[in-house]
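Please prepare a careful briefing on how the strands, helices and enclosed spaces of this model are arranged, with the terms explained as they arise.

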Amino acid sequence: MKKKCRICSGKIISILNFKKVALSGSFLKRENITKEKKYKLSAGVCEKCKHFQIENLVNPKKLFSHYIWETGVSKKNIELIIDLLKNLKLRYKLNNKSKVFEIASNDGVLLKEAKKKYNCNVLGIDPAKNLLKIAKKNNINTLIDFFSFKCSKKIIKEFGKFDFCIARNVIAHTPNPNDIFKGAENLLSSKGIFIVEVPHLENIFRDNQYDNIFHEHVGFHSVQSIKDLCSKNSLRLINVEKVDSQGGSIRCFITKKNRKMKINKNLDLMIIQEKKIGLFKLKTWFEFSKRVEKHKTFLNEYLKKLKKNNNKISAYGASGKGQALLQICDIGKYLDKIYDKSKLKQGLYTPGSHIKIVDPQKISIKNTDYLLLLSWNLAKEIANQESVFIKKGGKLVVPFPMPHVFK
Ligand SMILES: [Zn+2]
C-alpha cells in the first residue's frame with residue numbers, strides 16, 4: 001500500500017526514484033559488509049497540501065537507536081547553538097528561571113550551553129543510547145526515547161511544563177510530525193516558545209540538494225508546511241528566520257494558539273517567495289527531477305575525467321547526505337578514502353559504497369589531489385582546517401549547485 005502524506009494524509013504523487021540504497025547512517029564494520037541490507041528510496045509531493053516527502057518508511061528504531069552524528073563535532077554547529085540561545089534571551093527572555101526542553105538532544109551540547117551560560121533548568125530526550133554516555137559526561141539529564149504526545153504527558157507528570165521546547169534538525173526525520181507538534185503544545189507553559197529548525201525546502205529545490213533525500217529525512221519543509229503543522233495542532237507560527245545551517249535552514253518560533261503575540265511580517269513574505277519559485281506546483285517538481293538527473297550525470301563525468309588524468313580522489317565528511325550522494329550517483333568507485341573527524345566513524349566503512357573512513361589528520365598531498373566535500377555545507381570550516389593541503393596544491397570540490405573547485 002502506498003504511504004499517505006505525513007502532514008495531511010493526502011495522496012502522494014511520485015517525483016524521484018533512486019531505487020534501492022543502504023541506510024545513510026549505517027556505517028559498517030568490515031565483517032558486516034556482506035550482510036548489508038538495501039531499501040527502496042523514492043520521493044514525491046502530496047496532491048493536497050504539496051508537502052515534499054519520501055515515500056518509503058523504515059522503522060525509526062532501526063535508524064536512530066544507534067546514531068553516530070554528534071552535534072558537538074562541528075564548530076559551526078556550536079556557533080549556531082550560541083546564536084539561538086542569545087536570540088532567545090533577547091527576544092523571549094530566556095533566563096535563570098527558564099525551563100528548557102530539547103527534543104533529540106543528541107550529545108547534550110545545546111543544553112550544556114543553556115545551563116552554563118544562562119543557568120537554565122534543562123532536560124533532553126533522545127532515542128540514541130550510544131549518545132547517552134556523552135550527554136552524561138556533559139552533565140545533562142537525558143531521557144532515552146522518541147518524543148511524542150504520549151511521552152509529553154509522562155514528562156509533565158515528573159518535571160512539569162517547560163518555557164522553551166527546542167527541536168533542531170529532528171522534525172524532518174519523523175514519520176509523524178503532528179505527534180511531535182501536539183506533544184510540544186502540551187509540554188509548553190502558557191507563555192512558552194517552541195523552536196523548530198529544519199533544512200529549508202527552498203534551498204533543496206533551488207540548489208539541487210537531492211543528497212538531502214534519504215531514509216532518515218522523511219519530509220522536506222517549507223515555511224508553509226510548518227504553518228500547516230501549527231494550525232493542525234493548536235499552535236501559531238509567529239516568526240521565521242533563515243539560518244546558515246545544513247545548506248540553508250529555517251528557524252521557526254511558535255507559540256500556543258491563544259497567545260496573542262505579534263506575527264512577524266517576514267513570515268508572509270517568505271511564503272509568497274516559496275509560491276513564486278513553484279514549491280507548491282507539480283510541474284516544477286517534475287522539472288526538478290530532470291535537473292537531478294542532469295546533475296548526477298555531470299558529477300559522474302567530472303570525477304571520471306579527474307581520475308582519467310591520474311588524480312587521486314578522496315572525500316571529506318561521512319555525513320548522512322554524503323552517503324546518499326555516493327549511492328544515488330554511484331561515485332564511490334572514484335574514491336580512495338573518506339575522511340571524517342568523528343572518532344565514532346573512523347575505522348568503519350561507508351554504507352552502500354564500502355569505503356574506509358579515516359582520520360583527516362592523514363590527509364596529505366602525497367595521497368590526495370582532490371577532496372570531494374560530502375559535508376559541502378561546512379566548506380569554509382574544512383578549507384580553514386585543510387589550509388596546508390590547499391597551499392600545497394590540493395583542491396576541494398563542492399558538488400552543488402554544480403560540481404566546482406572551492407575558492
Ligand atoms: Zn499533505
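Strand S10 and strand S11 (residues 249-256) run antiparallel and are joined by eight bridges, where helices (H or I, at least four residues) and strands (E, at least two) are DSSP runs numbered from the N terminus, and two strands count as paired if DSSP finds at least two bridges between them. This is a predicted model in which local features need pLDDT of at least 70 and side-chain atom pairs count only at pLDDT 80 or more, whereas totals for chains, interfaces and linings use all residues. Residues are numbered from 1 along each chain as its sequence is written, and side-chain values use heavy atoms, with hydrogens and water left out.

**The seven-stranded sheet**
- Within the pairing of S10 and S11, Ser249 in S11 is the bridge partner of Val243.
- Both strands belong to an open sheet of seven strands with mixed pairing, arranged in the order S6-S5-S4-S7-S8-S11-S10.
- Strand S6 (142-143) and strand S10 (235-243) form the edges of this sheet, each pairing on one side only.
- Helix H9 (residues 266-276) lies across S10 and S11 and runs at about 70° to S10, with axes fitted to C-alpha atoms, for helices over the stretch in contact (heavy atoms within 4.5 Å), and angles taken from 0 to 180 degrees between N-to-C directions.

**Helix H10**
- Helix H10 (residues 282-308) has 27 residues and spans 40 Å from its first C-alpha to its last, close to the expected 39 Å, which is 1.5 Å times one less than the number of residues.
- The buried residues of H10 include Trp285, Phe288, Val292, Leu299 and Leu303, buried meaning under 20% relative accessible area with a 1.4 Å probe and protein chains only.
- Asn310 follows H10 and has a positive phi, near 65°.

**Strands S12, S15 and S16**
- Strand S15 (residues 370-373) has Tyr370 and Leu372 pointing one way and Leu371 and Leu373 the other way, and all are buried.
- Strand S12 (residues 313-316) runs parallel to S15 and is joined to S15 by four bridges, with Leu372 in S15 as the bridge partner of Ala315.
- S15 also pairs in the parallel sense with strand S16 (residues 395-398) over three bridges, and Lys395 in S16 is the bridge partner of Tyr370.

**Cavities**
- The structure holds two cavities of 30 Å³ or more, a cavity being a set of points, on a 1 Å grid over the protein atoms alone, where a 1.4 Å probe fits but cannot get out.
- The largest cavity holds about 40 Å³ of space, and helix H8 (residues 223-232) contributes the largest share of its lining, three residues.
- Among the residues lining the largest cavity are Cys49, His51, Gln224, Asp228 and Phe280, lining residues having an atom within 4 Å of a point.

Notes. Buried < 20%, exposed > 50% of the residue type's maximum accessible area, 1.4 Å probe, protein only. 1 Å grid on protein atoms, 1.4 Å probe; cavity = no way out; pocket = protein on both sides within 12 Å on 5 of 7 lines; lining within 4 Å. Points joined across faces, edges and corners; volume = space filled by probe spheres on them.
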